[in-house]
Amino acid sequence: MEELTVKIETLAYGVFGVARTERGVVFVPDTAPGDVVRTRIVDDKRDHREAELLEVLEPSAVRRPAPCPYVPECGGCSWQHVDYRAQLEAKQAIVRETLTRIGGLDGAALDIRPIIGSPEWAYRHRLTLRVGGEQRLGFYRHRSHRLVEIDACKIADETVNAHLAAAREWLRGVSTTIRRLEIASTRSGRVAFVANAEGPFRHDGAYHEKFLRARGSLAGIVLFGKGWRRVFGKPIVDLEIDGDLVIEAQGGFTQVNPEGNRRLVAAVLEFAALRENDRVLDLYCGAGNFTLPIARRVREIVGVESDPASVTQARRNADRASLGNCRFIQQEAAAAARALGSAGEQFSLVVLDPPRSGAAPLVDHLSALAADRLLYVSCNPTTLARDLRRLTSLGFTLGPIQPIDLFPQTYHLETVVRLNAAT
């Protein structure tokens, strides 16, 4: 295959650095902006080429030795070899470039605020690990199913890392086939195990109960598979999200970065420009991460979530916070938006925080809700750009855009966008 010496200009949204040559763009993994590298082309596509890194000939000023001993074997932290300030600059640039290229938006007119960073290390209070043969725990290497075992993770908090050995011990006695295991820490310093199983539950409940009794720092265990779920103990994971406001989730989704999440919530509240008489719709509300802080400041809020366990927890969280102005609907977001619009319900603000696939099924139903403000919280700039293209074609105008780095050492990022309805 062809060998090339290239200079890396930027980082792409993903694991690759980007070089530009006379024959077009070349993507090279494990590189940093400013690196001069020797590469070998491994895939020649219509609009770009991919290469493997053979040698760093001239390291960039922003390249650093990866502090983690598992890099680059582990596929978890694809940017760890890049100085954190340069990571933030790259993410800021990715937001502008993606919204311009995919969204067709005028890059010069975009009001993109400076990215908000978060703690660089030990920020994850949840860590999802792959389980391999002989109950090995670790992460897959990039683009493979080869497990890289770990003894500690530099982006996980101390409590999570301290329970890796206990997780391995627990797995050795589990007869149900476990494929993924999440270790989630609580504010009290305890943990919950949340295990994704393959096949049926093998009725080993007595083992889990005995293990819990012997491990005071283990709050509870959740096992789930296709069509079933079992809970042992009290696997409640809690997050302080807005001053003294705390939400809890029982083995369900919560943001992995507690400090970063508080900054995300603050950005949402700022962009929402809440008014005392607002009626708000929160789509994809989960356990109430945005619903409850907003509820403190408005007349009424309706949260929509498809996961029944999250809806149950959201209601409990609202009750615990004495917030009687919350109503929750268990339904897919698009179906709920369509039904609410058809029923003539109107809102002054709609908040949506969709999964990585974006909000394409529901964007055409948002205009019927009569909101003068729309807040889009995205974890994927590519689907965000696609959806913003559609929303602006429907008459919404773009307001400020706030990138937030909840995932240092990786290419992932959050973006908060405010849109205003046409007047």
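Here a biologist questions a modeller about a predicted model.

Biologist: What makes strand 9 and strand 13 edge strands?

Modeller: Start with the order of the open sheet: 9-8-7-10-11-12-13, seven strands with mixed pairing. Strand 9 (147–149) and strand 13 (228–233) each have a single partner strand, so one side of each lacks a neighbour in the sheet. From one strand to the next, the twist averages 35 degrees.

Biologist: How do you know that strand 11 and strand 12 pair?

Modeller: Pairing takes at least two bridges. Strand 11 (residues 191–198) and strand 12 (residues 218–225) have six bridges, in the parallel sense. One example is V194, whose bridge partner in strand 12 is V222.

Biologist: What makes you say that helix 4 packs on the sheet?

Modeller: Contact needs heavy atoms within 4.5 Å. Helix 4 (residues 205–214) touches strand 11, strand 12 and strand 13. Its direction makes about 160 degrees with that of strand 12.

Biologist: And which strands does helix 3 lie across?

Modeller: Helix 3 (residues 164–172) lies across strands including strand 7 (126–132), strand 8 (136–140) and strand 10 (177–185). It runs at about 150 degrees to strand 10.

Biologist: Why is F193 called a residue of the nonpolar core?

Modeller: A core residue must be buried, which means under 20% relative accessible area. It must also join others through side-chain atoms within 4.5 Å. F193 belongs to the largest core, of 70 residues, and is among those with the most contacts inside it, as are W170, L181 and L223. The residues F193 touches include W170, L181, F211 and V222.

Biologist: Which helix gives the most to this core?

Modeller: Helix 5 (residues 258–272), with seven residues. A second, separate core has 35 residues, including L99 and L369.

Conventions. Residues are numbered from 1 along each chain as its sequence is written. This is a predicted model: local features need pLDDT of at least 70, side-chain atom pairs count only at pLDDT 80 or more; totals for chains, interfaces and linings use all residues. Side-chain values use heavy atoms; hydrogens and water are left out. Helices (H or I, at least four residues) and strands (E, at least two) are DSSP runs, numbered from the N terminus. Axes are lines fitted to C-alpha atoms, for helices over the stretch in contact, and angles run from 0 to 180 degrees between N-to-C directions. Buried means under 20% relative accessible area, exposed over 50%, partly exposed in between (1.4 Å probe, protein chains only). Lists of a residue's contacts leave out its neighbours within four places in sequence.
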